[in-house]
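Biologist: Hi! Could you walk me through this one?

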Amino acid sequence: MLTADGLTKRYGRFTAIEDISFTLHAGEVLGLVGESGSGKSTTVRCLVGLTKPDAGQVRYAGPKFRRGVQMVFQDPYASLNPRMTVAEIVGEGLLVHGIEKSSAGRRSRVGGLLEQVGLDKSDMDRYPRSFSGGQRQRIAIARAIAVEPKVLICDEPVSALDVSVQAQVVNVLRDMKLELGLSILFIAHDLAVVRYLCDRLVVLDGGRIAETGTREQIYANPRAPYTKSLLAAVPVPDPAAERLRRSAR
Ligand SMILES: Nc1ncnc2c1ncn2[C@@H]1O[C@H](COP(=O)(O)OP(=O)(O)OP(=O)(O)O)[C@@H](O)[C@H]1O
């Protein structure tokens with residue numbers, strides 16, 4: 001669905017990312033993982049056209065990029081307009097892209113979308129300030145899927161949330177993948193969050209790809225020393241995962 005082909009971006013003499021290549025296939029969740037400064041945001045900015053790469057290109061296989069590729073951002077407090085109701089926030093794309101012109105039709109669709117992400121229809125007349133961080137990310141997911149995208153780019157969507165609600169939001173995304181067949185690029189700085197969601201992973205280190213592999217390969221048999229150290233840093237409560245963590249050292 002979406003391919004990064006040799007993306008390189010320099011800021012002056014500093015190379016932020018170098019020769020980044022990967023493909024997000026139809027219906028898969030691909031994790032883009034790396035520590036702060038490893039180049040995740042720069043890669044995403046190149047993918048969505050916010051930054052022009054110095055080399056390389058982005059290819060999108062679906063129709064209408066602006067509708068077909070949607071984003072969920074890290075900060076659920078900054079990404080929702082505080083002056084708009086949930087109905088207006090989630091329904092905006094339906095209006096802008098001419099998907100649902102009547103306001104009654106939009107309200108009905110918004111109600112269904114809210115239920116799809118585990119909120120209540122009656123939430124649509126409330127403002128973002130009255131929701132928790134996790135609920136706000138559900139609203140952001142509803143807004144993104146409203147326009148029936150092919151690709152969802154989730155830029156650290158749970159990093160700002162309490163650990164107790166992170167799994168709930170990750171589960172909503174997994175449901176969207178299963179129900180809608182969405183392709184999801186999930187950006188995260190640790191490997192614990194993406195463990196049960198991603199089919200494949202791309203691990204970034206210092207602006208370069210350290211390792212790419214399926215979830216099974218990466219967690220059971222990480223090859224790059226950097227991936228091993230990232231895995232060793234993952235706090236895991238269950239004994240089987242703890243054994244895996246130890247064997248990764
Ligand atoms: N506009 C810019 N000018 C100069 N350097 C930049 C700019 N944007 C990013 N960088 C540098 O490029 C490198 C990669 O940054 P990037 O934001 O892509 O990393 P990241 O993995 O997304 O980190 P984080 O998780 O902290 O957001 C960093 O060293 C950063 O300081």
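Modeller: Sure! A word on terms first: domain bounds here come from an automatic or database domain assignment. This is a predicted model, where local features need pLDDT of at least 70 and side-chain atom pairs count only at pLDDT 80 or more, while totals for chains, interfaces and linings use all residues. Residues are numbered from 1 along each chain as its sequence is written.

Biologist: Cool, so how far apart do the C-alpha centres of domain 1 and domain 2 lie?

Modeller: They lie 25 Å apart. Domain 1 covers 1-62 + 156-216, and domain 2 covers 76-149.

Biologist: And how many residues does the contact take from domain 1 and from domain 2?

Modeller: Domain 1 gives 10 residues and domain 2 gives nine, with contact meaning C-beta atoms, placed from the backbone, within 7 Å.

Biologist: Switching topic: which residues surround the ligand?

Modeller: Among them are Tyr 11, Phe 14, Gly 37, Lys 40, Ser 41, Thr 42 and His 189; a residue is near the ligand if its C-beta atom, placed from the backbone, lies within 6 Å of it. β2 (14-24) and α1 (40-47) each give two or more residues to that shell. Helices (H or I, at least four residues) and strands (E, at least two) are DSSP runs, numbered from the N terminus.

Biologist: Which element gives the largest share?

Modeller: That's α1, with three residues.

Biologist: Last one: what do the buried residues of α3 pack against?

Modeller: They pack against α4 (103-116) and α5 (133-146). Val 86, Ile 89 and Leu 94 are among those buried residues, buried meaning 20 or more other C-beta atoms, placed from the backbone, within 10 Å of the residue's own. Gly 98 follows α3, with a positive phi near 65°.

Key. A residue is buried if 20 or more other C-beta atoms lie within 10 Å of its own, exposed if 12 or fewer, and partly exposed in between; C-beta atoms are placed from the backbone. Two residues are in contact if their C-beta atoms, placed from the backbone, lie within 7 Å.
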